[in-house]
Every structure is written in C-alpha cells, then in structure tokens.
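Open the structure in your viewer and keep the selection tool at hand. This short tour goes from one stop to the next.

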Amino acid sequence: MDFGYQRLATTSDPLATTLRNTGNQSLTVIAVSPATGVYARAGGSCGAPPFTIAAQSNCTIEHTFTPNAYIVFYQTINLTLQGGGDAAFGLRG
C-alpha cells in the first residue's frame, strides 16, 4: 500500500488493504502484526483478530500514515493463519 507523499506531522486518510479468500473453505486469521511508528491501524471490515474470511469473500484492513521525517518509511504487516500458514503486505509512505 503506497501512501505517496504526506505532509510532515499530518495524518493521511486511511487506506485499505483487501484480504481476499479465493479458496473453497473459510480462512481464519489468528494474528496481525501491529503497525508501529509512523503507521497506525485505523479500522476496516475485518475486525480484530481472530477473524474469519468466508470462502470466496474478502474484508479490509485500514492504516494511516503520519510521517515524522522527510524520508521514505517501509513496514511489513504479517498475518498468521490458523493451521500454520501466513501472509504479508507492505506499507510505504
């Protein structure tokens, strides 16, 4: 997810990452790593973990970005799936 340019010390509008279950069985996310530093989780339709995404369905996780320096910030958000799998997505601003 790319926040692009954001004015120093101001908070962006939330951007959503869509988590899509393309399988034929429900998928349970048991943990989501926290956003830290200049990033913050700001809601979305997935809810707090653990949450389940039905087969052939999706939900969103939203984050905001509040830069504190004139550099590019990167962060990886990791999701732990029930049964031992995992997934990840990145934040950039």
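A residue counts as buried when its relative accessible area is under 20%. Keep in mind that this model is predicted.

**Stop one.** Select phenylalanine 3. Its relative accessible area is 10%, so phenylalanine 3 is buried.

**Stop two.** Add threonine 64, which sits in strand β5, residues 57-65. Threonine 64 is buried too, because its relative accessible area is 11%. Show what surrounds it. Beyond its neighbours within four places in sequence, threonine 64 is in contact with nine listed residues, among them Phe3, Tyr39, Thr11 and Ala42.

**Stop three.** Now turn to the rings. How many aromatic pairs does a search of the whole structure find? The search finds 4. Select phenylalanine 3 with tyrosine 39: this pair is tilted, with 5.7 Å centre to centre and 40° between the planes. Phenylalanine 3 lies in the segment before β1 (15-21) and tyrosine 39 in strand β3 (residues 39-43), so the pair ties together parts 36 residues apart in sequence.

**Stop four.** Stay on tyrosine 39. Is it buried or exposed? Tyrosine 39 is buried, at a relative accessible area of 3%. Add phenylalanine 65. The two ring centres are 5.1 Å apart and the planes of tyrosine 39 and phenylalanine 65 are at 25°, so this pair is stacked. It links distant parts of the chain, with tyrosine 39 in strand β3 and phenylalanine 65 in strand β5, 26 residues apart. Phenylalanine 65 is buried as well, with a relative accessible area of 2%.

**Last stop.** Select Phe3, Tyr39, Phe65 and Phe73 together: ring pairs link them into a cluster.

Key
Residues numbered from 1 in each chain as written. Predicted model: local features only at pLDDT ≥ 70, side-chain atom pairs only at ≥ 80, totals over all residues. Heavy atoms only, no water. Helix = DSSP H or I, 4+ residues; strand = E, 2+ residues; numbered from the N terminus. Buried < 20%, exposed > 50% of the residue type's maximum accessible area, 1.4 Å probe, protein only. Contact = heavy atoms within 4.5 Å. Phe/Tyr/Trp six-rings, centres within 6.5 Å; stacked < 30°, edge-to-face > 60°.
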